Each structure stands twice: as structure tokens, then as C-alpha cells.
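Reader: I would like a close look at a single part of this structure, worked through with some care. Please take one strand pairing as the starting point and follow what surrounds it.

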Amino acid sequence: IHSTYSYDGKNTIEEIADWAREELLDFVILTEHDNDFDRDKFTQFKTDCLRNSTGLLILPGIEYSFGVDRHIHINVFGVHEFIETDKALQTIPDFLLKVKSLGGYSILNHPKNILEEIAKVDLTHLSGIELWNTKSDFLYAPNPGVLNFIRSRCQSKSILATSDIHQIPIKAYAKVLVEANIDT
């Protein structure tokens, strides 16, 4: 979920926490766009997540952007510091290694749009990959190109379906039900 810490998030962390408790969720992962984040803003973000975590786990994370057009997105959570990057495509392998060394979890988002661009990027230290996103892949899951990419490059990674919520309560985006296993 994106909160108002992101330029396109519509709800505060407090509103998201209240909604999540009403929905009886156990946890929420907030992955804010990195556009204007720095160490100080990340510290405040973590403080706000902790303050609103009564009866609910709120994990603070960042959606880091890479590439010329900043359209390669990697969600990171479980890291207790903001990681400075230069956004260049060739720095992704070192970035993923840094996340892993800090005990964090990294997810490659929306791969269907960037398969050619990341074809030669070393993803050894990537934790997971988004197979399906209820916002951008709503009617077309799973994407055949993404499935082939996972089969060829990401077999040992976690495969995720995500909701990419920018405003609550959009219940169709909030709950992902898996009806069958996907053989990779």
C-alpha cells in the first residue's frame, strides 16, 4: 500500500491502519515511492508506522526506482535504513546485494513492462518477483512473458501476487485469492 508519504497515495498511515484493523488484517506492508525520500524522511516514516501499529503489524518499505525513465521498481522492506541509490540500471545487482546484507526482502514489481530492459541484469540477490498485480494485471493473470521470465531467470525466487493499493477501501485490490497453484 502507498500512503500519503508517496506522491500518489491518498490515505494517511493512520487511515490505512484503521482500515486494516476493520478488515481484520494481520499486517500491512507500506512501500512508498522513493522520489523525495532521504534518511530523515525514512526515519519519520518508520516512526509513523510504529505509532499506528497497535494490534497490527505495519512494515515500512520503499519502492525504489531504477533506469533512465525510473520505471523499474523494486519494493524493499525489512531494512531499517534508507538506501541511497543513483537509479542507474547497472547498479541494481549491488543494490540487491546491499538489501540482502541488511536482512531485507526485495521484490521486482510489474515485470511485464520491463522484461527486455532487465533481461541481462544480474538478479541473483533478488528475493521475489511479482507475477501478478491486481492494479495493472487485473484481468490478465498470469502474463505469459512474465511466466517465461520466471521459468528462465527466477525459479528460486518467491513469486507474489500483490495489490498495489493507492487508495482505500478498494476491496477488489485488497484481497488476492489464489485458486490454483502455478507450475513454474
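Author: In this predicted model, tryptophan 132 has alanine 161 of β6 as its bridge partner, and this pair is a convenient place from which to read the surrounding architecture. The strands β5 and β6 run parallel and are joined by five bridges; in general, strands of a sheet pair through backbone hydrogen bonds, either parallel or antiparallel. The wider setting is an open sheet of six strands with mixed pairing, in the order β1-β2-β3-β4-β5-β6. Because β1 (27-33) and β6 stand at the edges with a single partner strand each, one side of each is left without a neighbour in the sheet. On average, and with direction ignored, neighbouring strands of this sheet are turned by 30° against each other.

Across this part of the sheet lies helix α4, which covers β4, β5 and β6 and runs at about 160° to β5. The buried residues of α4 (residues 144-153) are Val146, Leu147, Phe149 and Ile150. These residues are on the same side of α4, because they cover an arc of only 160° around the axis. Such a pattern fits the geometry of the α-helix, in which there are 3.6 residues a turn, so residues three or four places apart point the same way. What covers the buried residues of α4 includes β4 (105-108), β5 (128-133) and β6 (158-162), whereas the face turned away from the buried side carries the exposed residues Pro144 and Ser152.

Methods
Residues numbered from 1 in each chain as written. Predicted model: local features only at pLDDT ≥ 70, side-chain atom pairs only at ≥ 80, totals over all residues. Heavy atoms only, no water. Buried < 20%, exposed > 50% of the residue type's maximum accessible area, 1.4 Å probe, protein only. Helix = DSSP H or I, 4+ residues; strand = E, 2+ residues; numbered from the N terminus. Arc of directions from axis to C-beta. Contact = heavy atoms within 4.5 Å. Pairing = 2+ DSSP bridges. Axes fitted to C-alpha atoms, helices over the stretch in contact; angles between N-to-C directions.
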